[in-house]
Amino acid sequence: MRYVALAGVIAAAAAGCFVGEAPDFGAGGGPGASSGQSAGSGGGAATGGDGGAGSTTPDGLPCDVAQVLQSLCVSCHSNPPVGGAPMPLVTYADLTAPAKSDPSKTVAQMCVVRMQSTTAPMPPAGNTPPTAAQIATIQSWVNAGTPMGTCGGAGSDAGSIYNTPVQCTSGQYYSGGGDGSSRMNPGNTCVSCHAQSGGEAPRFTIAGTVYPTAHEPTMCDGVNVAGATVVVTDANNNTLTLPVNSVGNFYTTAAVATPFHAKVVYNGKERAMSAGQTSGDCNACHTEMGANGAPGRIMLP
C-alpha cells in the first residue's frame, strides 16, 4: 500500500524530546541521565577510558570516577550542558565546586546523596539506577578527599558528543517517496506525518530514528547495526522493546501511557532520557540541529 508522507510537517512537541531535562541540584537535580547520545542516559552510556582506581583523566578526575559519570550523567551534564542540565559534570573543577543546594557540600558529595536517594534519585526514575559498585566508586573518591591527577583520555572528550559537523555518516539517503516501507523517511517526523496521511499509514504512538552522530540530515539513513533497541517504560510501568531497523527507524502503534521514559540500548550500553515524555514524535525534537531543547539527533550509546 502506498501513501504520501508529509516530509515538511514539523510538530511542536516540546514535551517529546529524547534528551533528559536534569534540574538543578537544589531543585531535585543532580547527575542526569541521557538522550540522545544520546542518550541520553539517562545515563547515556558514553564509553570511558580503561584506567582503574588510582588512574585519572586529563580533566583531573580518576578514570573510574569519570567512567561512572560518563555512563550515568554526561549525556546531559556535558560541557556545555544540554537538555536543561544546570551544570557540567566533566572536570575536576565541576565536581569540587560547592553544591547549589548546600554550599557546605561539594557537587561530588551531592552526587553521592542523589545516587542513593529513593525520593529524588539520579539518574531519574525510569532509567537504569546506579549499581552499588558505581556509588561506591564516587563515595570512595569523596572519602579520600577527591584526589586529583592525570592519565590518558577517558574524560577528555566527554563534553564533545554534540560538537560534531553536519554529516550523513551512512552516505545513503532515502529517495523512494511514500512507499510504505519501514525504512522510509529516516529523520522525519513519523508520528505527525502518519497522522496526516489520509488514513493509509499506520498511526504510530512512538517513532523516531537513531543516528551515529548528533547532526545528521533528514532523509539520511541512520544506524545499521544488529541488536540496537529503544526500550520504552510507560506510566503504568509497562515496557515495550522497539527494534531499530537497518536505517535507524523505530516505531510502535501500541498504546503507551504517558508520561513515558525511553532509552537506546546497544552492545551492553544505554543512553536514556531523564524526563518523562508525553509526545512520541521523537524526530520533531531530535532534528538535524535540535529543537524544543533537544541538542540534535537520537544517538547510539
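## Cysteines, cores and a covered helix

Cys190 is buried, with a relative accessible area of 12%. Buried means under 20% relative accessible area, exposed over 50%, partly exposed in between (1.4 Å probe, protein chains only). The model is predicted: local features need pLDDT of at least 70, side-chain atom pairs count only at pLDDT 80 or more, and totals for chains, interfaces and linings use all residues. Residues are numbered from 1 along each chain as its sequence is written, and side-chain values use heavy atoms, without hydrogens or water.

**Exercise 1. Find the disulfide and sort out the cysteines Cys190 and Cys111.**

Step 1. Set the cut-off: a disulfide is a pair of cysteine sulfur atoms within 2.5 Å.

Step 2. Search the whole structure. One disulfide turns up. Its partners are Cys168 and Cys220, with sulfur atoms 2.1 Å apart. The S-S torsion is about 90°, so this disulfide is right-handed.

Step 3. Place the two ends. Cys168 sits in the loop between H4 and helix H5 (190-195), and Cys220 in the loop between strand E1 (206-211) and strand E2 (229-233). The pair links distant parts of the chain, 52 residues apart. Helices (H or I, at least four residues) and strands (E, at least two) are DSSP runs, numbered from the N terminus. Both Cys168 and Cys220 are buried.

Step 4. Test the others. From the sulfur of Cys190, the closest cysteine sulfur is that of Cys193, at 7.2 Å, too far for a bond. For Cys111 the closest is in Cys73, at 6.1 Å, again too far for a bond. Cys111 counts as buried, at 1% relative accessibility.

**Exercise 2. Determine which residues touch the most other members of the largest nonpolar core.**

Step 1. Define the core: buried Ala, Val, Leu, Ile, Met, Phe, Trp, Tyr and Cys residues joined through side-chain atoms within 4.5 Å.

Step 2. Read off the hubs. The largest core has 22 residues, and Leu61, Leu69, Leu89, Leu95, Met115, Ile138 and Trp141 touch the most other members. Two or more residues come from each of helix H1 (63-72), helix H2 (92-96), helix H3 (107-116) and helix H4 (132-143).

Step 3. Look for another core. A second, separate one has 17 residues, including Val223, Val232, Val244 and Ala262.

**Exercise 3. Identify the aromatic partner of Trp141 and classify the pair.**

Step 1. Apply the rule: rings of Phe, Tyr and Trp (its six-membered ring) pair if their centres lie within 6.5 Å; planes under 30 degrees apart are stacked, over 60 edge-to-face, the rest tilted.

Step 2. Count and classify. The structure holds two aromatic pairs. In one of them, Tyr92 meets Trp141 edge-to-face, at 6.3 Å centre to centre with 75° between the planes. Tyr92 in H2 and Trp141 in H4 are 49 residues apart, so distant parts of the chain are linked. Tyr92 and Trp141 are both buried.

Step 3. List the surroundings. Beyond neighbours within four places in sequence, contacts of Trp141 (heavy atoms within 4.5 Å) include Leu61, Pro62, Val65, Ala108 and Pro147.

**Exercise 4. Decide whether H3 is enclosed or not, and what covers its buried residues.**

Step 1. Check burial. Seven of the ten residues of H3 are buried, so H3 is largely enclosed by the rest of the structure.

Step 2. Name them: Val107, Ala108, Met110, Cys111, Val112, Arg114 and Met115.

Step 3. Find the cover. It includes H1, H2 and H4.
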